[in-house]
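Dear colleague,

I am passing on the structure we discussed, and below it you will find notes on what turned up. Please read them with the model open beside you.

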Amino acid sequence: MSTPAKPAKFDGKDFSRRLSTAPGVYRMVAADDSVLYVGKASALKNRVASYFNATAKSARITSMLRQVARMEVTVTRTEAEALILENQLIKSLKPRYNVLLRDDKSYPYVLMTQEAWPRITMHRGPRSVPGRYFGPYASVGAVRETLNLIHKLFKLRSCEDSVFRNRSRPCLQHQIGRCSAPCVGLVPAREYAEAVRRSSLLLDGKSDELTRELGAAMEAASARLDFEQAARLRDLVGSIRTLQARQYVDGRAADLDVLAVAMQDVSACVMLLSFRDGRNLGTRAFFPRTNGSDNPEEVLAAFVSQYYGEQVPPREIVLDRDIPDRELIEHALSAAGEHKVQIRCNVRSERAGYVDMARRNAELALANERTSHAAQRARAEGLRDLLGLPGVASRIECFDISHTMGEATVASCVVFDAEGPVRGQYRRYNISGIEPGDDYAAMHQALRRRFLRAMEERAGAADGAGRSSASSGKPRVHPRASAAPGVLPDVLLIDGGAGQVAQARAVLDELEVPGVVLVGVAKGPARRPGDEELLLPDGRALRPGAQSPALQLVQQVRDEAHRFAITGHRGKRQKVRNSSRLEDIPGIGPRRRASLLRHFGGLGGLKAAGVEEISRVEGVNAALAERIYATLHGLDAPTPSGDAAARPER
């Protein structure tokens, strides 16, 4: 039997000789078709050739070049286009050797909706709501301060559409002077639209333009003897002038971001300090994945191009050091945005103070992050030693069950890796078709759904690749990659005793799930934190004690699973109860329902009533009133007793 020939080594020198000197993007690809690196070049031929000359290179670059099986290039018209394409490819392909901006938190924005009567509110997550988005802001506090300012100055609505459409009289926000009450027609459409436009000017950082416009409008109103309107505009201008006087440190409006990077070994922190219209919006720390790079200039350059590839840049970006391709990035951001962007370093006066502040905050944040990572790593290593694992667990999953007397049963699955929780891969399972309150059946159903899909995905992937890897140590994807059902955990924690562990063992054996270490987490005899027993499928019970780093990690994962399950259960229970009919409450039939609705003028009035008010309705005693109130407000209702109100109506 002949041995398959090894693939020929990639000849980078020959490949680069055949390239043009046009700008573009190059991709280094490994033998398994995974992308190793994505880079941009003002001249592709020269940049690619520089990797394969005799010049000494870092260990990281040398390791990368050894794995290159082929290269792909995309020619662009300009260097700016190459920069934009590079950023898009880095975000979509997540190359192993690129510096990657990672941030699992969504940015807070101010949203101005696109409606006949726009509302202004805070927004996080995907920009799926039509309208204008202002931001991102460094913190939620900065967004709330901005919204408070807009409501005071321009009186825009903040209520949801469901509330707005059903108002019959002004709300409290109107009474305290923070809304013009468009819901009941107290403000003309043209006047409200003008307030929206002026709010947008302020949010865009154009307060000087806004005050000039308001001043001219005030003079015009005075000239036509409309002194009431002139007085309102005068007060508005005065408020904005006062705001500017309080916000501007040196009398000049600032619209800039300040960035500083701190590094220890290959760990990095980029600190962002934001100013908009002279207002300090606070700081935000980012911890990019450097993938072995120890060059702070490279890390900062990657951050600037990736971050502002998605966010609207300010007019001025101040850096604590110079970066490669600064002029190219500056040109690309200016071309992509609505205004010219200037990237500066080596600044003086108050901007030097901002840089120093950002640098010191970056160093502190990085030190704290490394400390927390070291503690997390120690816990992971402790779990490895306690369970006798071959290495540190790269993926831990924990399942928990939550319900109220069998109602709205929900199972939760949380995921941890070596760095902590991976919230994007959390899952909930709505349990149905079991006897209410049967925790064993609920656990069995949730685990079977989770691992049946995983094994089907793995089998499908193996068939598609033309080989079976279910038992040959198939390499795992990066633990923080997007959720993949075919990925199996190294450790599976079950919140429960021997019964729950037996259910989990049965599911794993039935589906032939390989390589998963199963551990049950049971409360100790005293049911105190630190007394937990770790139950293994072979019957052993480990009691590591409260001081054990391994148990501390197990507690952290178990508590997160419990929190996630409780949250899901309460939401499901509230949804069910809000959609239920009054007749679903024990003791309420058609006659009592009609009496209640007639007395309170509808379900809304009944929900707004207290227990004492409900008990005044004919045929409703105190016990039944408590059940009605609890059911309508998503609380735990008292168990019906044998009183008259609990008996069905005849």
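Of the 650 residues of the protein chain, what percentage count as buried? The share is 45%, where buried means under 20% relative accessible area, exposed means over 50%, and partly exposed covers what lies in between (1.4 Å probe, protein chains only).

Before the details, a word on how the values were obtained. This is a predicted model, in which local features need pLDDT of at least 70 and side-chain atom pairs count only at pLDDT 80 or more, while totals for chains, interfaces and linings use all residues. Residues are numbered from 1 along each chain as its sequence is written, and side-chain values use heavy atoms, with hydrogens and water left out.

**Confidence**

The mean pLDDT of the protein chain, that is, the predictor's confidence in each residue on a scale from 0 to 100, is 80, and 85% of the residues reach 70 or more. Two stretches call for care: pLDDT stays under 50 over residues 467–483, for which the model has 31 contacts (heavy atoms within 4.5 Å) beyond four places in sequence, and pLDDT also stays under 50 over residues 642–648, with 15 such contacts. Where pLDDT is low, the predicted coordinates should not be read in detail.

**The chain as a whole**

The protein chain has 20 helices and 19 strands, these being DSSP runs numbered from the N terminus (helices H or I, at least four residues; strands E, at least two). Among its contacts between residues at least 6 apart in sequence, 62% join residues at least 24 apart. The chain exposes about 33500 Å², of which carbon and sulfur atoms supply 50%; the area comes from the Shrake-Rupley method with a 1.4 Å probe.

**Helix H5**

Helix H5 runs over residues 140–154 and reaches 21 Å from its first C-alpha to its last, close to the 21 Å expected at 1.5 Å a residue, the expected span being 1.5 Å times one less than the number of residues. The buried residues of H5 include Val143, Leu147, Ile150 and Phe154. Just after H5, Lys155 takes a positive phi of about 60°.

**Salt bridges, with helix H13 in view**

The structure holds 32 salt bridges, each defined as a side-chain nitrogen of Lys or Arg within 4 Å of a carboxyl oxygen of Asp or Glu. In helix H13 (residues 349–387), Asp356 and Arg359 lie 3 residues apart, about one turn of the helix, and their side chains meet in a salt bridge at 4.0 Å, N to O. Asp356 also meets Arg360 in a salt bridge at 3.1 Å, N to O, and these two residues are 4 apart in H13, again about one turn. Asp356 is partly exposed, at 33% relative accessible area, as are Arg359 at 27% and Arg360 at 45%. These three residues are linked with Glu297, Asp320 and Arg321 in a network of salt bridges.

Elsewhere in H13, Arg377 forms a salt bridge with Glu381, the closest N and O atoms being 3.5 Å apart. Arg377 and Glu381 are 4 residues apart in helix H13, so about one helical turn separates them. Arg377 counts as partly exposed at 41% relative accessibility, and Glu381 counts as partly exposed at 30%.

With best regards
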